[in-house]
Each structure stands twice: as structure tokens, then as C-alpha cells.
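Me: I am new to this protein and would like to understand what lies behind the words used for it. Could you walk me through it?

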Amino acid sequence: MIEAEFWDYDSVDEMADAVAGDIGFIVESAIEARGNALLALPGGKTPVPIYQRLAKAELPWKRVTIIPGDERLVPMDNELSNVRALAKTFLPVGARVIPVTGDIADVKLAGNSADARLQDLPWPPDVVLLGMGTDGHTASIFPGADLEDALNAPKARRMVGVTPDPLPPEAPVGRVTLTRSAILSARTLLIAITGQEKRDLLEQAIEDGHSSKLPIGRVLAEAEQPIDIHWAP
Ligand SMILES: O=C1O[C@H](COP(=O)(O)O)[C@@H](O)[C@H](O)[C@H]1O
């Protein structure tokens, strides 16, 4: 049974304030407990206002490491790059932002390389924040032949390379993604989505659990921790 709580807001700005506040609080608590904090953050458009607010928080940023929870296989200066947006926002405040890909074009090799980079980090992440596409993908766990690789990778595996099928029109490229077990290893798992279409999809995916046809349903079906889902219209 998935333990998910929806937090509803009247506007995207209100949601962004709340989620940035929650992440800021978790960062402070993590640093107090362990001396540092690790955040795995999504790409896409939805989290941008959250990042803008979070970067304004007075936090010991030098102790914060940020990784993209998934990455598109494009050069880092390409505007589709997920780490590019994170670096632009969080490098100026002093956080360590770690790219997970280099210039490896082969999807599976890129996944191996991303996984090796993450094996060097203290694990688990204090926060994994997830977004979701209107096709039900989360991180870069997409429908397609690689879906099971991302869902059922060995527990210690942190990232894999995947080719979405079909390729999403807004970013039609190969990807690397946190695996399901890496996502679910998070000390805190948050989701932030907007719009009624995504809300309906996510509610259905949660209800369907293991039998969901959507990647996000398959991911959340194995969650053992409570999940906070932040939503704005
Ligand atoms: O391709 C991606 O899409 C999802 C959702 O993006 P959004 O623009 O609809 O918020 C995102 O969570 C993921 O990290 C990204 O690579």
C-alpha cells in the first residue's frame, strides 16, 4: 500500500515556496546530523520556481551536493541538459553540482559511467525530488524496452542508461536515470507536479500500484516510506 499524501496549493508560486521551504529544512537537519546534504533533483520546467526560491535560502551551501536525478544525453551547454539548469541556479550560491554524464554517446555506457560517478558519493540522498511527464515517466524511467532495467536493476545500482520509446518530443534523446531502488533509497521522497492532467494520472497510478501501466506507478508501488506529493493547478 503506497502511503502518499497530497498537498494542494492555489498557485505554482505557493507550491514553490512550500517545497523550497521543506527542502531547506531537510538540508539544515541533514547538515546538523551528518555534516553534509545530498539532493537529487529533477529536470524539466515544473521545478524551476522551486529552485529559484531554494537558492535564496540562507543555507550552508558549501556542504550541499546536488545531482540531477536524471539526465538527457546532450552536451552540458545544451538547454535540454538537466544539470545545466541546476548549475546555473546553485553554483553561484556555493553548492557542489555534479554532472552525471560526459560526452559518451552510447546510452548503456553513459549509464555505467553515471553509476560509477554516483558510487563515489555518500549515499542515500537526503531528498529525491521527482517530477512526472504527461506520459507517466518519472526521473527518466520511461515506457520502452529499457523500463525493466531501470525498475529492476540490482539494489546497489544507482543509475542506468535508457532509450525512451517513444522518444518524448520535447527532448527526443537517450537518457540516464536513477534506478527505482536508488530513488526509493531516499531519506525523503517528494513529488512536485502541476495541472489536472498530471494529477489524475498520478492518482490513478497510485491506485493501480504494481499493475500500473505508468512508470511512476511501478516506481511508487515499491515505496516503503511515506511520499509527499505537492500539486498546483
Ligand atoms: O524529461 C523530463 O521530464 C520530467 C517532467 O518535466 P516537466 O517539464 O513536465 O516538469 C522531469 O521530471 C525529468 O527530470 C525530465 O528529464
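Reply: Gladly. This is a predicted model, and we can begin around the ligand, where the shell of residues has four nonpolar, seven polar and two charged members by class.

Me: Which residues come nearest to the ligand?

Reply: Pro42, Gly43, Gly44, Thr46 and Gly131 do, out of 13 residues around the ligand. Gly counts as polar and Pro as nonpolar.

Me: Now the helices. Why is α1 called oblique to α2, rather than parallel or perpendicular?

Reply: The angle decides. Helix α1, residues 12–34, and helix α2, residues 48–55, have axes that cross at roughly 50° and come within 8 Å. An angle under 35 degrees would count as roughly parallel, and 65 to 115 as roughly perpendicular. The value falls in neither range, so α1 is oblique to α2. The crossing also has a hand, and that hand is right.

Me: Which residues make that contact?

Reply: On the α1 side they are Val12, Asp13, Ala16, Asp17, Val19, Ala20, Ile23 and Gly24. On the α2 side they are Pro49, Ile50, Arg53 and Leu54. By class, this contact of α1 with α2 has eight nonpolar residues, one polar and three charged. Asp and Arg count as charged, and Gly as polar.

Me: What angle do α2 and α3 make, and what is that arrangement called?

Reply: Helix α3 covers residues 82–90, and its axis packs against that of α2 at about 25°, with the two 9 Å apart. Since an angle under 35 degrees counts as roughly parallel, α2 and α3 are therefore described as roughly parallel to each other. Their crossing is right-handed.

Me: Where do α2 and α3 meet?

Reply: Val48, Tyr51, Gln52 and Ala55 of α2 meet Ala85, Thr89 and Phe90 of α3. The contact of α2 with α3 has five nonpolar and two polar residues, with no charged ones. Tyr is placed among the nonpolar residues in this scheme.

Me: Let's turn to the strands. What is the order of the seven strands in their open sheet, and how are they paired?

Reply: The order is β1-β10-β9-β6-β2-β3-β5, and the pairing is parallel. Strands of a sheet pair through backbone hydrogen bonds, in either a parallel or an antiparallel way.

Me: What makes β1 and β5 edge strands?

Reply: Each has a single partner strand, so one side of β1 and one side of β5 (96–97) is left without a neighbour in the sheet.

Me: How do you know that β1 and β10 are paired?

Reply: Pairing calls for at least two bridges. Strand β1, residues 4–8, is joined to strand β10, residues 227–232, by five, so the pair qualifies. Phe6 stands opposite Ile229 there.

Me: How many bridges join β9 to β10, and how many join β6 to β9?

Reply: Strand β9, residues 188–194, has six bridges to β10, and the two run parallel. Leu190 has Asp228 of β10 as its bridge partner. Strand β6, residues 127–130, has four bridges to β9, again running parallel, with Leu130 partnered by Ile191.

Me: And what is the order of the sheet of three strands?

Reply: That open sheet has the order β4-β8-β7, with antiparallel pairing. Its edges are β4 (70–72) and β7 (159–162), each with a single partner strand, so one side of each lacks a neighbour in the sheet. From one strand to the next, the twist averages 20°. β4 and β8, residues 175–178, share three bridges, and Asp70 stands opposite Thr177.

Me: What lies across β7 and β8?

Reply: Helix α4, residues 107–119, does, running at about 165° to β7.

Me: What makes some of the loops worth a second look?

Reply: Most peptide bonds are trans, and most residues other than glycine have a negative phi. Here the bond from Trp123 to Pro124 is cis, with omega near 5°, and Pro124 lies in the loop between α4 and β6. Another cis bond joins Asp165 and Pro166, with omega about 10°; Pro166 lies in the loop between β7 and β8. Ala139 has a positive phi near 45° and is in the loop between β6 and α5 (147–152).

Terms used:
Residues are numbered from 1 along each chain as its sequence is written. This is a predicted model: local features need pLDDT of at least 70, side-chain atom pairs count only at pLDDT 80 or more; totals for chains, interfaces and linings use all residues. Axes are lines fitted to C-alpha atoms, for helices over the stretch in contact, and angles run from 0 to 180 degrees between N-to-C directions. Angles under 35 degrees count as roughly parallel, over 145 as roughly antiparallel, 65 to 115 as roughly perpendicular and the rest as oblique. A crossing is left-handed if the near helix is turned anticlockwise from the far one by less than a right angle, and right-handed if clockwise. Two residues are in contact if their C-beta atoms, placed from the backbone, lie within 7 Å. A residue is near a molecule or strand if its C-beta atom, placed from the backbone, lies within 6 Å of it.
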